[in-house]
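Here is a short briefing on one protein chain. Look over the sequence and the fold, then go through the points by topic.

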Amino acid sequence: MSDPNPRSEITFAQAFLCSAFAACVAEFCTIPLDTAKVRLQLQKKVAAEDGAASPKYKGLLGTIKTIAREEGISALWTGIVPGLHRQCVYGGLRIGLYDPVKTFLVGSAFIGEVPIYHMILAALLTGALAITIANPTDLVKVRLQAEGQLPPGVPKRYSGAMDAYSTIARQEGLGALWTGLGPNIARNAIINAAELASYDQVKQTILKIPGFMDNGFTHLLAGLGAGLFAVFIGSPVDVVKSRMMGDSSYKSTFDCFFKTSFNEGFLAFYKGFLPNFGRVGAWNVIMFLTLEQAKRVLRG
C-alpha cells in the first residue's frame, strides 16, 4: 500500500512475494471462518412446514462447532491447499500490481496524495485480472468446503485439491474450472477496490490525526475499516459466487440471483454476514499487518 514516507522502492517481484506471503498467512489463520461462511451461504432456506427440519448451521460459532463435532477439527481447514494456491496467485497479483497500476494511472511524475477514484480504478483492474487467472483455485476451494454438506454415507467426490482439479477438468471439461467467473470477477474486483482503496484512504485519514503514526495500530484500524466496507459492498455477489460454484443447478449468474431473491428474499444475500465480516475483517488486519512489516524489512 502507499507509504507516506517511502525510503526506497521495491521491485514488482518483491511486491508480489510480499503480497503472496501476507495473503497466505492471513488465509491460513482465517480459513475456519471462511469454511463456516461458505456452509452458511450454501445452506438453502428450509420451508416452515410440518415435519421440516431446522437449518443445520446456525451462526458463526454454531457452524464452527457443528463442523468440528461432526467432521473433526481439521475439517475447518478443508480447502486450505487450493486456498493457499489462490492466495499465491490472486493475492500476489491483485496486491502486488496495485501500486504499479496506481502509479501508471496518475503518471510517474505525480506528487501528492493519489485521488480516490484512481485508487478505486487501479484496484478494480488488478482484482479483475488476478481472479481471471486464479478462478480455478477458487472453484476447487469452494467445492472442497461444500463436501461436508453431502448426506451421510454418500462418498466424497474429491480426495484432495489436485484430484479436484483433474476430476473437474476430466468430467466437466477444462472450461468448468472457470465456472462462476462472471460473478467472481464482479465480486473480487469490487471487494479488491473496497479493501485496497479504503485501506489507503482510511490510513491517510488516520495519519492526519495528531498523535497517530505509521505503525501497527494504524494498520490494524485501517484493516478493520477496509474489511467492513468490503463485506458490506461485496456480500451479495459473494453469495451468488459461492452458490454457483457449489451448486451446478443454476444456469447463469442472473438465474442464481433471481432464484435466490425470489425464493429466499433479499436478506439471503447477506446470509453469513457476521462470519463473513469476522473472516474478512480478521483477514484484512492480518494481511495488512504482515504486508506492511514485510515491505518494511525489504526497504531496510
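A residue counts as buried under 20% relative accessible area, as exposed over 50%, and as partly exposed in between. Phe-257, with a relative accessible area of 32%, is therefore partly exposed. The model discussed here is predicted. The protein chain has 10 helices and zero strands.

**Overall fold**

- From the N terminus on, the elements run α-α-α-α-α-α-α-α-α-α.
- The C-alpha trace spans about 65 × 40 × 35 Å along its principal axes.
- The radius of gyration is 20 Å; a compact globule with 300 residues would have one near 19 Å, so the chain agrees with that expectation.
- Of the 300 residues, 49% count as buried.
- Take the contacts between residues at least 6 apart in sequence: 79% of them join residues at least 24 apart.

**Surface and charge**

- The protein chain exposes about 13,800 Å².
- Carbon and sulfur atoms supply 69% of that exposed area.
- The side chains include 29 positive and 22 negative ones.
- The centres of the positive and negative sets lie 2 Å apart.

**Aromatic pairs**

- Ring centres must lie within 6.5 Å to pair. By this rule the count comes to nine aromatic pairs.
- Phe-28 and Trp-77 form a tilted pair, 6.3 Å centre to centre, with 40 degrees between the planes.
- Phe-28 lies in helix α1 (residues 12-42), and Trp-77 lies in the loop between α2 (60-71) and α3 (80-96), so the pair ties together parts that are 49 residues apart in sequence.
- Phe-28 counts as partly exposed because its relative accessibility is 45%. Trp-77 also counts as partly exposed, at 30%.
- Phe-257 and Phe-269 form a stacked pair: the centres are 4.8 Å apart and the planes differ by 20 degrees.
- This stacked pair links distant parts of the chain, 12 residues apart. Phe-257 sits in helix α9 (residues 253-264), and Phe-269 in the loop between α9 and α10 (273-299).
- The two partners differ in cover: Phe-257 is partly exposed at 32%, whereas Phe-269 is buried at 0%.
- Phe-257 and Phe-269 belong to one aromatic cluster with Phe-232, Phe-258, Phe-266 and Tyr-270.

**His-219 in helix α8**

- His-219 is placed in helix α8 (residues 216-246).
- Its relative accessible area is 0%, so His-219 is buried.
- Leaving aside neighbours within four places in sequence, His-219 is in contact with Tyr-199, Lys-203, Asp-214, Leu-289, Glu-292 and Arg-296.

**Thr-126 in helix α5**

- Thr-126 is found in helix α5.
- Thr-126 counts as buried because its relative accessibility is 2%.
- Not counting residues up to four places away in sequence, Thr-126 touches Leu-93, Arg-94, Leu-97, Tyr-98, Val-101 and Asn-192.
- Thr-126 and Gly-96 are 30 residues apart along the chain, and their C-alpha atoms are separated by 8.8 Å.

**Gln-201 in helix α7**

- Gln-201 is found in helix α7 (residues 181-207).
- Gln-201 has a relative accessible area of 30%, so this residue is partly exposed.
- Its contacts, leaving aside neighbours within four places in sequence, are with Ile-116 and Met-119.
- The C-alpha atoms of Gln-201 and Thr-78 are separated by 34 Å, with these positions 123 residues apart along the chain.

**Pro-115 in a loop**

- Pro-115 is found in the loop between α4 (98-106) and α5 (116-146).
- Pro-115 counts as partly exposed because its relative accessibility is 23%.
- Leaving aside neighbours within four places in sequence, Pro-115 is in contact with Val-106 and Phe-110.
- Pro-115 and Lys-102 are 13 residues apart in sequence and 9.8 Å apart in space, C-alpha to C-alpha.

Notes: Residues numbered from 1 in each chain as written. Predicted model: local features only at pLDDT ≥ 70, side-chain atom pairs only at ≥ 80, totals over all residues. Heavy atoms only, no water. Helix = DSSP H or I, 4+ residues; strand = E, 2+ residues; numbered from the N terminus. Rg over C-alpha atoms; globule rule 2.2 N^0.38 Å. Buried < 20%, exposed > 50% of the residue type's maximum accessible area, 1.4 Å probe, protein only. Contact = heavy atoms within 4.5 Å. Areas by Shrake-Rupley, 256 points an atom, 1.4 Å probe, with all protein chains shown as cover. Lys, Arg positive; Asp, Glu negative; His and termini not counted. Charge placed at Lys NZ, Arg CZ, Asp CG, Glu CD. Phe/Tyr/Trp six-rings, centres within 6.5 Å; stacked < 30°, edge-to-face > 60°.
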